[in-house]
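User: I want to check the strand labels in this predicted model against their definitions. Take me through them.

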Amino acid sequence: MNTVNQITLNQSRGVERIIKGVATSDGAGVKLTRVLTGKLQHRLDPFLMLDAFGSDNPDDYIAGFPDHPHRGFETVTYMLSGRMRHRDNAGHEGLLEQGGVQWMTAGRGIIHSEIPEQKNGVMEGFQLWLNLPAKRKMAEPWYRDISSKEIPEYVTTENVTVRVIAGMSNGVAGVVTREETEPMYLDIHLPTGASFSTAFPALHNAFIYVYRGTVEVGDTPVESHRMGILSNAPQADGVTLTATGDARLILIAGRPLNEPIVQYGPFVMNTQEEINQTMDDFRNGHFA
Ligand code: CO
């Protein structure tokens, strides 16, 4: 694995707000926490949703997400633990396993299912929704299954391990790049007392979600199972995180699209007319 010297920032972002998320269920009854809800879509543009799921009780996840449609954005599913099989109406099928990512561009429309391929044990991970720019909302559907070993990893001189799912961090490029939204998606493991810095543009919207331990951003602690929205400041060229104990988190940033967002369930377009058209297309079988 690469050992890298991390950047020294001019100024770190701070935490603007801590978000607890809302316990809910989706699909055929999968229990999850909706961390990034509709109310935060403008603040965290281009990100539309973040769900965190994690349970060792099969009743919480076993029914999965049977056939359902999407249009107008991308879904990024990251499995920390467990196995999920997906199938779509274009005939694609894949198995998402521990440490792996499925990156799917719904574009003009896809119908797919996401079903756990395990009867017991821990199922834990995240699903992020990344918006598409207006000009790409009706693009051809696309997806890529990225196995754990395909995700670039590096270690800093402070023994922080970083997996780069998307974007660029301390000179290490991730698997996926997107021209319009420039997403950065990192999974970061900090040992007790370690600090970690990474750069990203001041105009990008960014947040962390801590899933083990506690990290401090400046003087603000962000505890386990909390999202910290990172403040935007013109001079802030990235973020510095410090772990008081062993901690794990995801850090996500992206360039805002600054376009209107109209969501109806699994469809995210720019206008109500486009949503109406989407529902007509779906009812008339045009997603098939
Ligand atoms: Co889906």
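User: What makes T220 the bridge partner of a residue outside strand 22?

Analyst: In strand 22, T220 is the bridge partner of V217. Strand 21 covers residues 215–217 and pairs with strand 22 over 3 bridges, in the antiparallel sense.

User: Why are strand 21 and strand 22 called paired?

Analyst: Two strands pair if DSSP finds at least two bridges between them. Strands 21 and 22 have 3 bridges, so they pair. Strands themselves are DSSP runs of E with at least two residues, numbered from the N terminus.

User: Which residues and values does the model admit?

Analyst: The model is predicted, so local features need pLDDT of at least 70, side-chain atom pairs count only at pLDDT 80 or more, and totals for chains, interfaces and linings use all residues. Residues are numbered from 1 along each chain as its sequence is written, and side-chain values use heavy atoms, with hydrogens and water left out.

User: What makes strand 19 and strand 22 edge strands?

Analyst: The open sheet has the order 19-24-21-22, with antiparallel pairing. Strand 19 (195–199) and strand 22 (220–222) each pair on one side only. Neighbouring strands are turned by 30° on average, direction ignored; axes are lines fitted to C-alpha atoms, and angles run from 0 to 180 degrees between N-to-C directions.

User: How do you know that strand 8 and strand 9 pair?

Analyst: Strand 8 (residues 84–88) is joined to strand 9 by 4 bridges. The definition asks for at least two, so they pair. They run antiparallel, and H86 has G94 in strand 9 as its bridge partner.

User: Where does strand 9 sit in its sheet?

Analyst: The order is 6-11-8-9 in an open sheet of 4 strands. Strand 9 (93–96) is an edge strand, as is strand 6 (65–70). The twist averages 20° from one strand to the next.
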